[in-house]
Amino acid sequence: MVVFPVASTMQAAPEVRVNAIAPGIIKTAMTEELPGEMVEALQLVKRAGKVEEVVPLVTYLASDESSFVTGSEMVVDGGWAIQA
């Protein structure tokens, strides 16, 4: 659990909703140099994520549709976090 959204929500609610997105390796200019074997070894789904797979979550959290979502951490990491 990420402490930031919880602590921030306690201070900002109900005027502000605070959530966190915890991404795994996402294909961007910053990650293009990573060896494919390393990405496959780290990701349970054996590939890097795509920006297009994270954008809908960002859009949802920024919308009124998520008005009851606050203090949450959304993990979008291809299964990285559940691996031992």
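Q: Where in this predicted model is Asp77 found?
A: Asp77 lies in the segment after β2, the strand spanning 72-76.

Q: What makes Asp77 a charged residue without a salt bridge?
A: Asp77 is buried, and the nearest side chain of opposite charge, Arg47, is 11 Å away. A salt bridge requires a side-chain nitrogen of Lys or Arg within 4 Å of a carboxyl oxygen of Asp or Glu. Asp77 therefore has no salt bridge.

Q: How do you know that the side chain of Asp77 has polar contacts with the backbone?
A: A polar atom of the Asp77 side chain lies 3.0 Å from the backbone nitrogen of Gly79, and one lies 2.7 Å from the backbone nitrogen of Ala81. The cut-off for such a pair of N or O atoms is 3.5 Å, so both distances qualify.

Q: Which residues is Asp77 in contact with, leaving aside its neighbours within four places in sequence?
A: Those residues are Ala22, Pro23, Gly24 and Gln43.

Q: Why is the pairing of Arg47 with Glu53 called a salt bridge?
A: The closest N and O atoms of Arg47 and Glu53 are 2.8 Å apart. The limit is 4 Å, so the pair counts as a salt bridge. A search of the whole structure finds 1 salt bridge.

Q: Why are Arg47 and Glu53 described as partly exposed?
A: Relative accessibility is 35% for Arg47 and 38% for Glu53. Partly exposed covers the range between 20% and 50%, so both residues belong to that class.

Q: What makes the backbone of Lys46 notable?
A: Lys46 has a positive phi of about 65 degrees although it is not a glycine. Most residues other than glycine have a negative phi. Lys46 lies in the loop between α2 (36-42) and α3 (51-62), and with 47% relative accessibility it counts as partly exposed.

Q: Why is Ile82 called exposed?
A: Its relative accessibility is 68%; exposed means over 50%, so Ile82 meets the criterion. Like Asp77, Ile82 is found in the segment after β2. Together with Leu44 and Val45, Ile82 makes a nonpolar surface patch of about 310 Å².

Q: What pattern does the protein follow along the sequence?
A: The pattern is α-β-α-α-β, with 3 helices and 2 strands.

Q: How many of the contacts with a separation of 6 or more link residues 24 or more positions apart?
A: Such residues account for 66% of these contacts.

Q: What share of the residues is buried, and what supplies the exposed area?
A: Buried residues make up 26% of the 84 residues. The protein exposes about 6,000 Å², of which carbon and sulfur atoms supply 63%.

Note on methods
Residues are numbered from 1 along each chain as its sequence is written. This is a predicted model: local features need pLDDT of at least 70, side-chain atom pairs count only at pLDDT 80 or more; totals for chains, interfaces and linings use all residues. Side-chain values use heavy atoms; hydrogens and water are left out. Helices (H or I, at least four residues) and strands (E, at least two) are DSSP runs, numbered from the N terminus. Buried means under 20% relative accessible area, exposed over 50%, partly exposed in between (1.4 Å probe, protein chains only). Lys and Arg count as positive and Asp and Glu as negative; His and the chain ends are not counted. A polar contact is a pair of N or O atoms within 3.5 Å; within protein, one must be able to donate a hydrogen and the other to accept it, and residues adjacent in sequence count only if both atoms are side-chain atoms. Contact means heavy atoms within 4.5 Å. Patches are made of residues with over 30% relative accessible area and no salt bridge: like charges are joined within 9 Å, nonpolar side chains (Val, Leu, Ile, Met, Phe, Trp, Tyr) within 5 Å. Accessible areas come from the Shrake-Rupley method with a 1.4 Å probe; for residues, only the protein chains shown count as cover.
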